[in-house]
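Thanks for making time this morning. I would like to walk you through one model, and I will try to keep what is computed apart from anything we might be tempted to read into it.

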Amino acid sequence: MAKKESKDNFFQNVYEVVQLIPPGRVTSYGAIASYLGAKGSARMVGWALIASHPLTKIPAHRVVNRVGMLTGSQHFDAPNAMQERLEQEGVRVENDKVVDFDRLFWDPAKELL
DNA sequence: AGGGTGACCTAAA
DNA sequence: TTTTAGGCCACCC
């Protein structure tokens, strides 16, 4: 009797994927959304991360936008927590932007396959 | 019940 | 090439 698990499932799916992101790697909202089948709803991925921030231990700092910019750093506990975390993992960040984002890009649809 | 916003992305001019 | 507009779905007022 599934009433409305659709959206719940979507959120859970995001958590799973983000948790599967290897250290020193980064991915984009669109990639996750596309992997989940919500290519046009990348925004929901962002919402999912917000809702998951205080709840789950998901490395949301490994998720950035298409350009590799730390757009969500503002929503972290600290404004620079995201960048600090990324650098701690080995990811170089400059001006709130991931360096070699193309190389560090982790696509679930390809890596997980 | 309706409108506005948002950790975005794609397409068109 | 850059800029502008639209779309998407969930949450808040």
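I will go from the surface near the DNA to the helix pair, then to the core, and finish with some backbone angles.

Please keep in mind throughout that this is a predicted model.

Let me begin with DNA strand B, which has 17 residues around it, and of these Gly30, Gly46, Arg66, Thr71 and Gly72 come nearest. If we ask which elements give two or more residues to that surface, they are α2, covering 29-36, and α3, covering 42-52. The largest share, six residues, comes from α3. In terms of composition, the residues of the surface near DNA strand B divide into seven nonpolar, eight polar and two charged.

Now, those helices also meet each other, so to speak, and the geometry is worth a moment. Two packed helices are described by the angle between their axes and the distance between the axes. Here the axes of α2 and α3 come within 8 Å and cross at roughly 105 degrees. An angle of 65 to 115 degrees counts as roughly perpendicular, and α2 is therefore roughly perpendicular to α3. On the α2 side the contact is made by Tyr29, Gly30, Ile32 and Ala33, and on the α3 side by Ala42, Val45 and Gly46. Those contact residues divide into five nonpolar and two polar, with no charged residue among them. You will recognise Gly30 and Gly46 from the list of residues that come nearest to DNA strand B, and both also take part in the contact between the helices.

Which residues of α2 are buried? They are Tyr29, Ala31, Ile32, Ala33 and Leu36.

That brings me to the interior, where the largest nonpolar core has 24 residues, and where Val14, Ile32, Val45 and Val98 have the most contacts inside the core. Two or more residues are given to this core by each of α1 (6-19), α2, α3, β2 (63-64), α4 (81-89) and α5 (101-104). The largest share, five residues, comes from α2.

Let me take Val98 as an example: leaving out residues up to four places away in sequence, Val98 touches Val26, Val64, Gly68, Leu86, Val91, Val93 and Leu104. Following one of those partners, Val64 is found in strand β2, and Val64 counts as buried because it has 27 C-beta neighbours inside 10 Å. Apart from its neighbours within four places in sequence, Val64 is in contact with Val26, Ser28, Met69, Leu70, Thr71 and Val98. The C-alpha atoms of Val64 and Phe105 are separated by 9.8 Å, although these residues are 41 apart along the chain.

Finally, the backbone. Most residues other than glycine have a negative phi. Just after α2, Gly37 takes a positive phi of about 100 degrees. Asn95 is not a glycine, yet it has a positive phi of about 55 degrees, and it sits in the loop between β3 (93-94) and β4 (97-98). With 8 C-beta neighbours inside 10 Å, Asn95 counts as exposed. Asp100, likewise not a glycine, has a positive phi of about 55 degrees and lies in the loop between β4 and α5. Is Asp100 buried or exposed? Asp100 is exposed, because 11 other C-beta atoms lie within 10 Å and the cut-off for exposed is 12 or fewer.

Key
Residues numbered from 1 in each chain as written. Chains lettered and ligands numbered in written order. Predicted model: local features only at pLDDT ≥ 70, side-chain atom pairs only at ≥ 80, totals over all residues. Near = placed C-beta within 6 Å. Helix = DSSP H or I, 4+ residues; strand = E, 2+ residues; numbered from the N terminus. Nonpolar A, V, L, I, M, F, W, Y, C, P; charged D, E, K, R; others polar. Core = buried A, V, L, I, M, F, W, Y, C linked by C-beta atoms within 7 Å. Buried ≥ 20, exposed ≤ 12 C-beta atoms within 10 Å, placed from the backbone. Contact = placed C-beta atoms within 7 Å. Axes fitted to C-alpha atoms, helices over the stretch in contact; angles between N-to-C directions. Parallel < 35°, antiparallel > 145°, perpendicular 65-115°, else oblique.
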